[in-house]
Amino acid sequence: MAICSSPEETAKMLDNRNADWLTKVPGIMNEKPTLFAVGAGHLLGENGVLNLLCKAGYTVEPVQ
């Protein structure tokens with residue numbers, strides 16, 4: 001089952017929100033150690049949070 005039924009919905013519900021978060025994450029992390037929890041739909045793909053963090057120069061590692 002698809003999360004969004006059109007590219008426009010995907011952009012609105014996932015991609016745009018992910019990009020917006022990436023503008024806020026550095027400031028939040030610089031204040032104090034932080035855990036971010038997001039829904040699985042926001043993690044994967046070209047515009048997913050994990051890929052965007054890597055592109056921004058962050059090291060992303062799984063927590064064991």
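Before I start, one convention: Ala, Val, Leu, Ile, Met, Phe, Trp, Tyr, Cys and Pro count as nonpolar, Asp, Glu, Lys and Arg as charged, and the others, Gly among them, as polar. Please also keep in mind that what you see above is a predicted model.

With that convention in hand, let me turn to the largest pocket, whose volume is about 580 Å³. It is lined by 18 residues, and those closest to its centre are Phe36, Val49, Leu50, Leu53 and Val60. By class, this lining is made up of 15 nonpolar, 2 polar and 1 charged residues. Helix H1, which spans 7-31, and helix H2, which spans 49-55, each contribute at least two residues to the lining.

Phe36 comes up again when we look at the aromatic rings, where the structure holds 1 aromatic pair. The partners are Trp21 and Phe36, whose ring centres are 6.2 Å apart and whose planes stand at 75 degrees, and because planes over 60 degrees apart count as edge-to-face, that is how this pair is classed. Since Trp21 lies in helix H1 while Phe36 sits in the loop between H1 and H2, the pair ties together parts that are 15 residues apart in sequence. Both rings belong to partly exposed residues, with Trp21 at 41% relative accessibility and Phe36 at 32%.

Finally, I would like to show you His42, which is also found in the loop between H1 and H2. Is His42 buried or exposed? At 14% relative accessibility, His42 counts as buried, because the cut-off for that class is under 20%. Leaving aside residues up to four places away in sequence, His42 touches Met13, Leu14, Arg17, Asn18, Gly48 and Val49.

Definitions and conventions: Residues are numbered from 1 along each chain as its sequence is written. This is a predicted model: local features need pLDDT of at least 70, side-chain atom pairs count only at pLDDT 80 or more; totals for chains, interfaces and linings use all residues. Side-chain values use heavy atoms; hydrogens and water are left out. On a 1 Å grid over the protein atoms alone, a cavity is a set of points where a 1.4 Å probe fits but cannot get out, and a pocket is an open set with protein on both sides within 12 Å along at least five of seven lines; lining residues have an atom within 4 Å of a point. Grid points are joined across faces, edges and corners, and a volume is the space filled by probe spheres set on the points. Helices (H or I, at least four residues) and strands (E, at least two) are DSSP runs, numbered from the N terminus. Rings of Phe, Tyr and Trp (its six-membered ring) pair if their centres lie within 6.5 Å; planes under 30 degrees apart count as stacked, over 60 as edge-to-face and the rest as tilted. Buried means under 20% relative accessible area, exposed over 50%, partly exposed in between (1.4 Å probe, protein chains only). Contact means heavy atoms within 4.5 Å.
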